[in-house]
Amino acid sequence: MNHPTARPDASPRGGLPRRLVAPVGALAAATAAFAVLGAVDPNEPGHYPVCPLLHLTGVYCPACGGLRSAHAVAHGDLAAALGANALAVAGYAVCAAFWALWLANAVRGRRTAGPRPRAVHWWALGGLLLVFTVVRNLPFGSALAP
């Protein structure tokens, strides 16, 4: 005997519109964030808080220049974005690639679980951020400083 609320014709993954809600919602949120950063220039003082590490120590953190790079990306200026924070631009590209894969899987009705990083991936990311931070604060890495 079937449960009265069960729908035998319902796909466990839902229809296409239902599968697209999450990736399209994530794209809308990212677009809104970049639109705000495109409209409110972080190069002008007073709009965003200063980096506490830079303010207190004079050391650039791995995120320093990230808002300026997002502003440049929003305006289509890839050279300025890379100059402000190359690692952030690489992060935007990785996020865009994962989003495209997510959308393709959702359209095809496949599982849309995101990446499942292991401990070694987190350690590698931490190491990359540490090396980036150290190099951008040394004289020979000044090209990486915002």
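**Figure 1. H71 lies in helix α3 of this predicted model.** With a relative accessibility of 11%, H71 counts as buried. Beyond residues up to four places away in sequence, H71 touches L37, G38, V40, D41, P42 and N43. H71 is also among the α3 residues that meet α1, where F34, L37 and G38 form the other side of the contact. One of the residues touched by H71 is D41, which is the subject of the next view.

**Figure 2. D41 occupies the loop between α1 and α2, the latter spanning residues 52–57.** D41 is buried, because its relative accessible area of 19% falls below the 20% limit. Apart from residues up to four places away in sequence, the residues that D41 touches are H47, Y48 and H71. The view also relates D41 to L67: the two are separated by 26 residues in sequence, yet their C-alpha atoms are 8.7 Å apart in space. L67 itself takes part in the contact of α3 with α1.

**Figure 3. Helices α1 and α3 pack at an angle of about 95°.** Their axes are 8 Å apart. The two helices are therefore roughly perpendicular to each other. From α1, the contact involves F34, L37 and G38, and from α3 it involves L67, A70, H71, V73 and A74. By residue class, this contact comprises six nonpolar residues, two polar residues and no charged residues.

**Figure 4. Helix α3 (residues 66–74) crosses helix α4 (residues 78–108) at roughly 90°.** The axes of the two helices come within 7 Å. This crossing angle makes α3 roughly perpendicular to α4. On the α3 side, the contact is made by G66, R68, S69, A70, A72 and V73. On the α4 side, the residues are A80, A81, A84, N85, A88, V89 and Y92. The residues of this contact divide into nine nonpolar, three polar and one charged.

**Figure 5. The buried residues of α3 pack against both α1 and α4.** Within α3, the buried positions are G66, S69, A70, H71 and A72. A70 appears in the contact with α1 and also in the contact with α4. Just after α3, G76 adopts a positive phi of about 75°.

**Figure 6. Helix α1 (residues 16–39) and helix α4 cross at roughly 160°.** The axes come within 8 Å of each other. The helices are therefore roughly antiparallel, and the crossing of α1 past α4 is left-handed. The residues contributed by α1 are L16, R19, L20, A22, P23, A26, L27 and F34. Those contributed by α4 are Y92, W99, W102, L103, A106 and V107. In this contact, 13 residues are nonpolar, none is polar and one is charged. Two of the participants recur in other views: F34 also meets α3, and Y92 also belongs to the contact of α4 with α3.

**Figure 7. G15 and G109 are 94 residues apart in sequence, with their C-alpha atoms 8.3 Å apart in space.** G15 is found in the segment before α1. With a relative accessible area of 38%, G15 is partly exposed.

**Figure 8. T112 is placed in the loop between α4 and α5, the latter covering residues 119–136.** T112 is partly exposed, at a relative accessible area of 35%. Leaving aside neighbours within four places in sequence, T112 is in contact with W102, N105 and A106. Of these, W102 and A106 are also among the α4 residues that contact α1. T112 and R19 lie 93 residues apart in sequence and 8.9 Å apart in space, from C-alpha to C-alpha. R19 is one of the α1 residues in the contact with α4.

**Figure 9. The cysteines C51 and C64 do not form a disulfide, and the structure holds zero disulfides.** For C51, the nearest cysteine sulfur is that of C64, at 3.5 Å. For C64, the closest cysteine sulfur is likewise that of C51, and the distance of 3.5 Å is too far for a bond, because a disulfide requires the sulfur atoms to be within 2.5 Å. C64 counts as buried, with a relative accessibility of 6%.

Methods:
Residues are numbered from 1 along each chain as its sequence is written. This is a predicted model: local features need pLDDT of at least 70, side-chain atom pairs count only at pLDDT 80 or more; totals for chains, interfaces and linings use all residues. Side-chain values use heavy atoms; hydrogens and water are left out. Axes are lines fitted to C-alpha atoms, for helices over the stretch in contact, and angles run from 0 to 180 degrees between N-to-C directions. Helices (H or I, at least four residues) and strands (E, at least two) are DSSP runs, numbered from the N terminus. Angles under 35 degrees count as roughly parallel, over 145 as roughly antiparallel, 65 to 115 as roughly perpendicular and the rest as oblique. Contact means heavy atoms within 4.5 Å. Ala, Val, Leu, Ile, Met, Phe, Trp, Tyr, Cys and Pro count as nonpolar, Asp, Glu, Lys and Arg as charged, and the others, Gly among them, as polar. A crossing is left-handed if the near helix is turned anticlockwise from the far one by less than a right angle, and right-handed if clockwise. Buried means under 20% relative accessible area, exposed over 50%, partly exposed in between (1.4 Å probe, protein chains only).
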